[in-house]
Amino acid sequence: IVNGIYHNLAYIDNKLGRASQTKEFLAKEYDKNQSIESLLRLLFLRFETKDFQEDKYLNAASEIIDEEAQVLVVLTYLNLNKKEEAKPHLLKALFLNDSSYNAYLGYYNACEHKDHEDKIERVSEGAVCILKDEQKNIVKVGIHKPEFLQGMNPKNVAGCEHYSSETPIASNFLFSEIGDKINYNGVEYEIVDIKSIDAIISACA
């Protein structure tokens, strides 16, 4: 049992098998003390009882930079049949733990596959640049919205380096086209393809 009267009441009700009362107390504990533990327990219990809701508690969890929180948000959206809403949180879960095969698979299943074939003419946020140097070495660079990467520092995920569009490196790529030459980490590359992040993640599933 932890501090917080409503969390403690939730603990007791959960032991007694009273799921509805447990969820009510967990919600009250979060409202009063902003307890992340209570919030995540609430979403997990909702999942266990198939009580999926899009509300302030889901919105609060979506802002937490934590793999468990992001996965719970994903599970809720997928069970509400809101695949587009689930996708960014699946990607965040993947960035927070790139060894998670389930994150890859979930992201793949949530994507609309027809979008993967869309031709991208210029580099923009959400795109991955595929680069090739004179020695035919291939490098992939993903560009993301700054708010998406906030609180995260992903390294090489799905075979790509990832950057906020506000960084000098990323700004050098923006609006480039296939065939353009670009300097990346002191090496000159040619942009040989531009793909969506959906297509790149799906290829890893």
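At 61% relative accessibility, Lys136 counts as exposed in this predicted model. Lys136 lies in the loop that joins strand E1 (127–132) to strand E2 (138–144). Its backbone is notable in that phi of Lys136 is near 65 degrees, a positive value in a residue other than glycine. Lys50 also carries a positive phi, near 55 degrees, and is likewise a residue other than glycine. Lys50 is found in the loop between H3 and H4, and with a relative accessible area of 68% this residue is exposed.

From these loops the description turns to the interior. The largest nonpolar core contains 39 residues, of which Leu39, Leu91, Leu94, Phe95 and Ile201 touch the most other members. Two or more residues of this core come from each of helix H2 (19–33), helix H3 (36–48), helix H4 (56–62), helix H5 (67–79), helix H6 (83–96), helix H7 (101–110), helix H8 (146–149) and helix H10 (197–203). Beyond its neighbours within four places in sequence, Phe95 is in contact with His144, Phe148, Leu149, Met152, Pro154, Val157 and His162. A second, separate core of 16 residues includes Val139, Ala170, Ile191 and Ile194.

Two of the helices that contribute to the largest core, H2 and H3, also pack against each other, at an angle of about 150 degrees and with their axes 8 Å apart. Because angles over 145 degrees count as roughly antiparallel, H2 is roughly antiparallel to H3. Their crossing is left-handed. On the H2 side, the contact involves Ala19, Thr22, Lys23, Leu26, Ala27, Glu29 and Tyr30, while H3 supplies Ser38, Leu39, Arg41, Leu42, Leu45 and Arg46. Among the residues of this contact, seven are nonpolar, two polar and four charged.

Notes: Residues are numbered from 1 along each chain as its sequence is written. This is a predicted model: local features need pLDDT of at least 70, side-chain atom pairs count only at pLDDT 80 or more; totals for chains, interfaces and linings use all residues. Side-chain values use heavy atoms; hydrogens and water are left out. A nonpolar core is a set of buried Ala, Val, Leu, Ile, Met, Phe, Trp, Tyr and Cys residues joined through side-chain atoms within 4.5 Å. Buried means under 20% relative accessible area, exposed over 50%, partly exposed in between (1.4 Å probe, protein chains only). Helices (H or I, at least four residues) and strands (E, at least two) are DSSP runs, numbered from the N terminus. Contact means heavy atoms within 4.5 Å. Axes are lines fitted to C-alpha atoms, for helices over the stretch in contact, and angles run from 0 to 180 degrees between N-to-C directions. Angles under 35 degrees count as roughly parallel, over 145 as roughly antiparallel, 65 to 115 as roughly perpendicular and the rest as oblique. A crossing is left-handed if the near helix is turned anticlockwise from the far one by less than a right angle, and right-handed if clockwise. Ala, Val, Leu, Ile, Met, Phe, Trp, Tyr, Cys and Pro count as nonpolar, Asp, Glu, Lys and Arg as charged, and the others, Gly among them, as polar.
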